[in-house]
Amino acid sequence: MGSRPLIVLSDYAAVREALVTQAESFSDRPAVPIVLIITQKKGIVFAPYGPVWKQQRRFSHTTLRHFGLGKNSLEPKIIEELKYIKEEIKTHEKEPFNPFSVISNGVSNIICYLAFGRRFDYEDVEFTTLLSLMSRGLQICINSSVILVNIYPWLYYLPFGPFRELRQAELDITAFLKRIIAQHRENLDPENPQDFIDMYLLQVDEEKKKNKDSSFNEDYLFFIIGDLFIAGTDTTTNTLLWCLLYMSLYPEVQEKVHEEISAVIGLDRAPSLAHKAKMPFTEATIMEVQRMTVVVPLSVPRMASETAVLQGYTIPKGSVIVPNLWSVHRDPNVWEKPDDFQPTRFLDEKGQLIKRETFIPFGLGKRVCMGEQLAKMELFLMFVNLLQSFTFLYPENAKKPHMDGRFGLTLAPFPFNIIALKR
Ligand code: HEM
């Protein structure tokens, strides 16, 4: 691409060899112009592989765990958010509606709670506009003429078309996050940190005392929060939207999920992570939706930090490496009838869940998704809670949806309407 070799890894063996076996050579991120302009190589997702990334990722992960990531203490917050989601869905009862806005607001509120210590109402116009801008930004950054910025960086500043749209998304998200960080600085109580931003600000103050070159500063915080907000919203939102769409198109699968929910939880108790082990069919269904749709289809690109031999080919230092997760999950050598939606492929003959090594929607290796536990928790609780309360139907007279999805950094379903019937 341009003057740089770009290598696409299209099966599990190649992806594993690069990302796990040769992790030291393939854990960097490419410094391509669009990435440099937007992230300045800061944050976690696009930070170069090295001590700063390691320090920042470790701090972020530990702090998110402190506030409940992957732990039962976050469960009540997710259940509380679901009350708002379900109330909103009920306002559309029996009428077709587009679930994008309510699902992205709800999912985003979980990250907002962890990072900013607050949620946003679904009527908040500034916030809902921001979420739409973000979703559009992730689409056009690789699925429009914006991709040419990687060859001619000045194109980014063109005052029209997708270039202007992407800059607007960047400007609005920046203003929103900077305002929240400033409010936190103003109200910071060192004895009682409330959320991720508070903890980070305290770390900044601590580090200032002992190391003036520390990578912890407010500028870096801005990029980390941006990463959490963007990586944590669009991915989980799209997965849940795909789940609802698949359920409406495969009523027989939806019915089996309903049966399992009724048998294990009933219709009155709130679902909990403790129920997960007893609900293999539901878990297999979520996994099969993830396999079919792979919401980060080309993962996040890597870069060879040194010349290395991979699968017998010499890969020059600086090459861009694209792990094609989409093809890994549709490989006919690994998955029988890979284009068919069959949750039972994740179950053994006794109906118990099978762990399949080749199922890797969160990537692999040192840069594996940092939010994997959070995403799995959200997906299970939200999917089960919604299916406990509703039956989802695809409107009878609506056009059949395109199941390929709208390609971008994330793979989103094309906008669709759905009917939610109260159970
Ligand atoms: C269904 C939901 C999600 C999917 C499918 C997903 C998938 C991915 C993938 C494929 C990568 C690239 C991994 C690699 O380079 O090998 C990634 C990276 C990342 N994800 Fe997720 N993700 C999801 C949810 C989340 C959430 C909720 C968060 C919020 C905490 C998050 C935070 C991150 C971060 C910070 C990285 C960069 C890690 C690094 O470069 O060290 N993700 N994700």
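**Ligand site and a three-stranded sheet**

Cys369 is placed in the loop that lies between helix 12 (325–328) and helix 13 (372–389). The structure is a predicted model. From this loop position, Cys369 supplies its SG atom as the single protein donor to the iron atom of the ligand, at 2.3 Å. The points below cover the surroundings of the ligand and then an open sheet of three strands.

**Shell around the ligand**

- The ligand is surrounded by 26 residues, and the closest of them are Arg29, Trp53, Arg57, Arg302 and Cys369.
- By residue class, the shell consists of 15 nonpolar, seven polar and four charged residues.

**Polar contacts to ligand oxygen atoms**

- Arg29 places a polar side-chain atom 2.8 Å from an oxygen atom of the ligand.
- For Arg57, the distance from a polar side-chain atom to an oxygen atom of the ligand is 2.8 Å.
- Arg367 also has a polar side-chain atom beside the ligand, 3.0 Å from an oxygen atom.
- Two or more residues of the shell come from each of these elements: helix 3 (51–66) and helix 9 (218–249).
- Helix 9 provides the largest share of the shell, with six residues.

**The open sheet**

- The three strands of the open sheet follow the order 1-5-2, and their pairing is mixed.
- Strand 1 (6–9) and strand 2 (302–303) are the edge strands; each has a single partner strand, and therefore one side of each lacks a neighbour in the sheet.
- In general, strands of a sheet pair through backbone hydrogen bonds, in either a parallel or an antiparallel manner.
- Strand 2 and strand 5 (residues 320–323) run antiparallel and are joined by two bridges.
- Within this part of the sheet, Arg302 stands opposite Ile321, a residue of strand 5.
- Arg302 is also listed among the closest residues to the ligand.

**Helix packing on the sheet**

- Helix 1 (residues 12–21) lies across strand 1, strand 2 and strand 5.
- Relative to strand 1, helix 1 runs at about 120 degrees.

Notes. Residues numbered from 1 in each chain as written. Predicted model: local features only at pLDDT ≥ 70, side-chain atom pairs only at ≥ 80, totals over all residues. Heavy atoms only, no water. Pairing = 2+ DSSP bridges. Helix = DSSP H or I, 4+ residues; strand = E, 2+ residues; numbered from the N terminus. Contact = heavy atoms within 4.5 Å. Axes fitted to C-alpha atoms, helices over the stretch in contact; angles between N-to-C directions. Near = heavy atom within 4 Å. Polar contact = N/O pair within 3.5 Å; in protein donor to acceptor, adjacent residues only side chain to side chain. Nonpolar A, V, L, I, M, F, W, Y, C, P; charged D, E, K, R; others polar. Donors = N, O, S within 2.8 Å, 3.2 Å for Na, K, Ca; no water.
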